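Here's a quick briefing to read with the model open beside you. Take a look at the fold, then go through the points below.

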Amino acid sequence: MVSYYAVPTTDDRRYGIDELADLAGVSRRTVRYYVQRGLLPAPLGLGRGKHYSTEHLERLIQVRDLQEGGVPLSEIIDEYSADDGGVAMRPMPEPRAPRQSTWTKVMLDDDVELLVRGRRLEPRSLQRLIEALHTVLKETDR
């Protein structure tokens, strides 16, 4: 199933940036960034009367879902930015299936963790890594 950006309808609900962000599960900063990057059309109205529509909300949720589905934001920006003001935008793809990978979390010091994906560290290599880290940390503590 392909999702499409909604063409403006007679629905005249209006959202302030706080309400829009809350409904979409993103931050105000994210909304502003998406507008800046062309993923979301600019708000309607001027000054204190600026507001967002249902179409803004739908698009914001689509972008969020794509990101959560593993599509990099740069790809979303390249392929689906609002170059026509957000009306009749190209279809949005379905989010990708989540990728699974094996991560090993290694505590190198009280406040330092190392995440290693897809490989197992041998005990000897791990010990050398810990010793090297302690050397570096001691140099920075001086």
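A contact here means heavy atoms within 4.5 Å. With that in hand, 55% of the chain's contacts between residues at least 6 apart in sequence turn out to join residues at least 24 apart. Keep in mind that this is a predicted model.

**Overall make-up**
- The chain has 5 helices and 2 strands, and they come in the order α-α-α-α-β-β-α along the sequence.
- Of the 142 residues, 30% are buried.
- Accessible surface adds up to about 10200 Å², with 49% of that belonging to carbon and sulfur atoms.

**The nonpolar cores**
- The largest nonpolar core has 19 residues, and the ones touching the most other members are Leu-20, Val-31, Tyr-34, Leu-39 and Leu-60.
- Two or more residues of this core come from each of helix H1 (17-24), helix H2 (28-37), H3 and helix H4 (73-80).
- Leaving aside residues up to four places away in sequence, Val-31 touches Ile-17, Leu-20, Ala-21, Val-26, Leu-40, Tyr-52 and Leu-60.
- There's also a second, separate core of 5 residues, with Val-106, Val-112, Ile-130 and Leu-133 among them.

**A closer look at His-56**
- His-56 sits in helix H3, which covers residues 54-68.
- Is His-56 buried or exposed? His-56 counts as buried because its relative accessibility is 3%, and the cut-off for buried is under 20%.
- The His-56 side chain reaches the backbone oxygen of Ala-42 at 3.1 Å.
- A polar atom of that same His-56 side chain also lies 2.9 Å from the backbone nitrogen of Ser-53.

Definitions and conventions. Residues numbered from 1 in each chain as written. Predicted model: local features only at pLDDT ≥ 70, side-chain atom pairs only at ≥ 80, totals over all residues. Heavy atoms only, no water. Helix = DSSP H or I, 4+ residues; strand = E, 2+ residues; numbered from the N terminus. Buried < 20%, exposed > 50% of the residue type's maximum accessible area, 1.4 Å probe, protein only. Areas by Shrake-Rupley, 256 points an atom, 1.4 Å probe, with all protein chains shown as cover. Polar contact = N/O pair within 3.5 Å; in protein donor to acceptor, adjacent residues only side chain to side chain. Core = buried A, V, L, I, M, F, W, Y, C linked by side-chain atoms within 4.5 Å.
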